[in-house]
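Work through these exercises with the structure open beside you. Try each task before you read its solution.

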Amino acid sequence: MDAIQIIATGKALPKKLVTNDDMSKIVDTSDEWISTRTGIKQRYFCDGEQNWELAFRAATEALNKGNIEKEQIGAVIVGTGTPDYIMPSMACILQEELGLPSDIPAFDINAACSGFIYALRVAGSLLQDEARPYALVIGSEQLSTRADMTDRSICVLFGDGAGAAIIKRNPEKKFYGVWGTEGNRAALGCRGHLTGSPYIYMDGQTVFRFATQYMTNAAKKVLELAGFTMDDIDYVLCHQANERIIDYVRKQFKAPEEKFFKIIQKYGNTSAASIPLGLAEMDEQGLLIPGKKIIIVGFDAGFTWGSMLLEF
Ligand code: UT7
């Protein structure tokens, strides 16, 4: 498969900013506990906004920044575990709201926090057979609707937001990526399958162990496939679930702090939105410039995992 090239990015956040001190007024917690255990300082929660509206704003920003004609979009895929409706998909709503062509595939992928990585790879394959040059790939989440706001072990961790990328194939470079699934329903999910409650359940320490091991191995495998070492890579963008997880992975590569880009402190864990939000922030900071090499790597409920090399 050809490499996937990111042409433009966009992001969107709900209006309501919630600090750790705000959370401590809802549940028995503190800024000190949340900051030291996770690195999170604040997050955004939807307050009247729907998930598809965040996705729409992020997508519009990416289309505008890339100066992309809507007629040139050949697929739209949304990575989300928190769609507004079981059907229609968020992608179908966006196809209508954005006025995208009607003879293109539009669908959601639920791979939890790995959703954006899965969606990127699927979109890249779809473009191999598509006359239109670009695909719109989004990660968008409204986790505040799935977090029990009386459960301090869960509600402080998550946030809402969306990130979008316009991608195209780069036939001059090869795609290097890995993905997979390691079935485990018990450690992380929405309780529906266990108790009928809609809220997120997590065995934090089991997930922590899985995350550190699988993200390290996935990034190592991508380096091996591409014939690079970590020294050849400019930035690594991990799924943002916990700063301690990101630091653990970084230490396995003996990489300097500045190589591992972080947004966890500002947004909390935004699941499938965390990597595209991170890419959009890197773009805003002028880091996604020609010649740069970035590894993205994620994991989550399922367990799902994935990683790929992005060259700019
Ligand atoms: O994208 C989804 C993937 N999710 C993840 O990657 C999360 C992976 N796991 C983690 O990041 C960590 O396991 C957590 C941040 C979720 C939890 O950190 P921990 O160091 O594993 O803490 P713990 O669950 O062992 O809890 C330690 C203590 C407990 O009290 P006791 O039993 O020691 O008295 C908890 O009740 O911390 C307590 N606690 C809290 N205290 C204050 C749990 N949540 C809170 C809270 N504020 N919000």
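The exercises below cover the ligand, its pocket and some backbone details of this predicted model.

**Exercise 1. The ligand shell**

Find how many residues surround the ligand, and sort them by class.

Solution.
- Step 1: Count the shell. A residue belongs if one of its heavy atoms lies within 4 Å of the ligand. The count is 24 residues.
- Step 2: Pick out the closest. These are T29, R37, Q205, N242 and N269.
- Step 3: Sort by class. Eleven residues of the shell are nonpolar, eight are polar and five are charged.
- Step 4: Trace the shell to its elements. At least two residues each come from α2 (31-38), α6 (152-155), α8 (204-226), α9 (243-252) and β12 (293-300). Helix α8 gives the most, with four residues.

**Exercise 2. Polar contacts of the ligand**

Which atoms of W33, R37 and R152 lie at polar-contact distance from the ligand?

Solution.
- Step 1: Set the cut-off. A polar contact is a pair of N or O atoms within 3.5 Å.
- Step 2: Check W33. A polar atom in its side chain lies 3.2 Å from a ligand oxygen.
- Step 3: Check R37. Here a side-chain N or O atom is 2.7 Å from an oxygen atom of the ligand.
- Step 4: Check R152. This time the backbone supplies the N or O atom, 2.9 Å from a nitrogen atom of the ligand.
- Step 5: Look at the cover. The ligand alone exposes 950 Å², and the protein buries 72% of that.

**Exercise 3. The largest pocket**

Describe the pocket that holds the ligand.

Solution.
- Step 1: Locate the ligand. The ligand sits in the largest pocket.
- Step 2: Give the volume. The largest pocket fills about 940 Å³.
- Step 3: Find the lining. It has 40 residues, and F158, L188, I200, M202 and V207 are the closest to the centre.
- Step 4: Name the elements. Two or more lining residues come from each of α2, α6, β9 (188-190), β10 (200-202), α8, α9, β12 and β13 (302-311). The largest share, four residues, comes from α8.
- Step 5: Sort the lining. It divides into 18 nonpolar, 16 polar and six charged residues.

**Exercise 4. Backbone details**

Where are the cis peptide bonds M87–P88 and G302–F303, and where is A112 with its positive phi?

Solution.
- Step 1: Recall the usual pattern. Most peptide bonds are trans, and most residues other than glycine have a negative phi.
- Step 2: Take M87 and P88. Their cis bond has an omega of about 0°. P88 lies in the loop between β4 (73-79) and α4 (90-98).
- Step 3: Take G302 and F303. Their cis bond has an omega of about -10°. F303 lies in strand β13.
- Step 4: Take A112. Its phi is near 50°. A112 lies in the loop between β5 (106-109) and α5 (115-128).

Terms used: Residues numbered from 1 in each chain as written. Predicted model: local features only at pLDDT ≥ 70, side-chain atom pairs only at ≥ 80, totals over all residues. Heavy atoms only, no water. Polar contact = N/O pair within 3.5 Å; in protein donor to acceptor, adjacent residues only side chain to side chain. Areas by Shrake-Rupley, 256 points an atom, 1.4 Å probe, with all protein chains shown as cover. 1 Å grid on protein atoms, 1.4 Å probe; cavity = no way out; pocket = protein on both sides within 12 Å on 5 of 7 lines; lining within 4 Å. Sits in = over half its atoms within 2 Å of the grid points. Nonpolar A, V, L, I, M, F, W, Y, C, P; charged D, E, K, R; others polar. Points joined across faces, edges and corners; volume = space filled by probe spheres on them.
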